Amino acid sequence: MNRKTAQNPAAGRRTPPLRSRVAALLAAALIAAAPALGACSAAPSAPADAGQQASGQQQASVSVTQKVGDAEKTVEVPDGSTVLDVLKASGVDFESSDGSYGAYVTSIDGKAAEGNSGWTYSVNGEQPTVGCGEYEVADGDVVTWEYVSF
């Protein structure tokens with residue numbers, strides 16, 4: 001064994017091409033960013049049409065404005081509803097799939113997430129650090145869904 005190999009056991013190993021390393025780093029970044037990029041918790045929440053409690057009394061509701069592209073709609077949802085509940089109640093056509101971070105919004109109005117692009121949401125101009133199935137909306141909130149590339 002020569003001196004160079006003895007000091008650096010990895011000297012004889014071949015490193016992966018730069019493209020492979022960049023792809024691996026990008027994949028790791030996408031996985032880490034998934035909770036903020038439209039990932040939704042599969043945790044159960046109040047259904048959007050649950051207007052009455054079992055006792056027959058009216059349940060408190062909140063008014064939330066949802067924006068998707070140029071479309072804007074105000075919806076009434078029960079108190080305690082999540083961003084995902086607002087999306088469901090708005091009548092916007094969307095699809096989601098279950099992943100390791102819960103449900104992931106894969107398509108809104110026929111525009112599907114692909115490659116390095118996908119759907120993300122914000123509330124009142126701020127991007128929450130939790131999935132849309134966990135973030136509870138309050139009266140007057142504005143939920144904005146955006147298709148982004150990263």
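Lysine 67 has a relative accessibility of 30%, so this residue counts as partly exposed. I start here because lysine 67 forms a salt bridge with glutamate 72, and the closest N and O atoms of the two are 3.9 Å apart. Glutamate 72, at 54% relative accessibility, counts as exposed. How many salt bridges does a search of the whole structure find? One. As a general point, side chains of opposite charge can pair when their charged atoms come close.

Please keep in mind that this is a predicted model. The mean pLDDT of the chain is 73, and 58% of the residues reach 70 or more. Where does pLDDT stay under 50? One such stretch is residues 22–37, for which the model has 16 contacts beyond four places in sequence. Residues 41–57 are also below 50, and that stretch has 24 contacts in the model beyond near neighbours in sequence. Where pLDDT is low, the predicted coordinates should not be read in detail. I will leave those stretches there.

Next, glutamine 66. This residue is found in strand E2, which covers residues 61–68. Is glutamine 66 buried or exposed? Its relative accessible area is 3%, and the cut-off for buried is under 20%, so glutamine 66 is buried. What does glutamine 66 touch, leaving aside its neighbours within four places in sequence? The contacts are Ala71, Glu72, Lys73, Val86, Leu87, Ser90, Val92, Val143 and Trp145. Glu72 in that list is the salt-bridge partner of lysine 67.

Two of those contacts can be described at the level of atoms. The side chain of glutamine 66 is joined to the side chain of serine 90 by a polar contact of 2.8 Å. The side chain of glutamine 66 also reaches the backbone nitrogen of leucine 87, at 3.5 Å. For valine 92, I have a C-alpha separation: 9.8 Å from glutamine 66, with the two residues 26 apart along the chain.

That brings us to helix H3, residues 83–90. How many of the eight residues of H3 are buried? Six are, which makes the helix mostly covered. The buried ones are Val83, Leu84, Asp85, Val86, Leu87 and Ser90. Among them, Val86, Leu87 and Ser90 are contacts of glutamine 66. After H3 comes glycine 91, with a positive phi near 80°.

On the other side of the helix in sequence is a loop between strand E3, residues 71–78, and H3, and serine 81 is found in it. Serine 81 has a relative accessible area of 0%, so it is buried. What does the side chain of serine 81 reach? The backbone oxygen of proline 78, at 2.6 Å.

Last topic, the aromatic rings. The structure holds two aromatic pairs. One is tryptophan 119 with tyrosine 147: the ring centres are 5.3 Å apart and the planes are at 70°, so the pair is edge-to-face. Which parts of the chain does this pair link? Tryptophan 119 sits in strand E7, residues 117–123, and tyrosine 147 in strand E8, residues 142–149, with the two positions 28 residues apart along the chain. Tryptophan 119 counts as buried, at 5% relative accessibility. Tyrosine 147, by contrast, is partly exposed, with a relative accessible area of 25%.

The other pair is tyrosine 121 with tryptophan 145. Their ring centres are 5.5 Å apart and the planes are at 40°, so the pair is tilted. Tyrosine 121 belongs to strand E7 and tryptophan 145 to strand E8, and these two are 24 residues apart, so here too the pair links distant parts of the chain. Tyrosine 121 counts as buried at 2% relative accessibility, and tryptophan 145 is buried as well, with a relative accessible area of 1%. Trp145 is also one of the contacts of glutamine 66.

One more item on tyrosine 147. Which residue lies over the face of its ring? Lysine 111 does, at 4.4 Å from the ring centre.

Conventions:
Residues numbered from 1 in each chain as written. Heavy atoms only, no water. Phe/Tyr/Trp six-rings, centres within 6.5 Å; stacked < 30°, edge-to-face > 60°. Helix = DSSP H or I, 4+ residues; strand = E, 2+ residues; numbered from the N terminus. Buried < 20%, exposed > 50% of the residue type's maximum accessible area, 1.4 Å probe, protein only. Lys NZ or Arg CZ within 6 Å of the ring centre and 35° of its normal. Contact = heavy atoms within 4.5 Å. Polar contact = N/O pair within 3.5 Å; in protein donor to acceptor, adjacent residues only side chain to side chain. Salt bridge = Lys/Arg side-chain N within 4 Å of Asp/Glu carboxyl O. pLDDT = per-residue confidence, 0-100.
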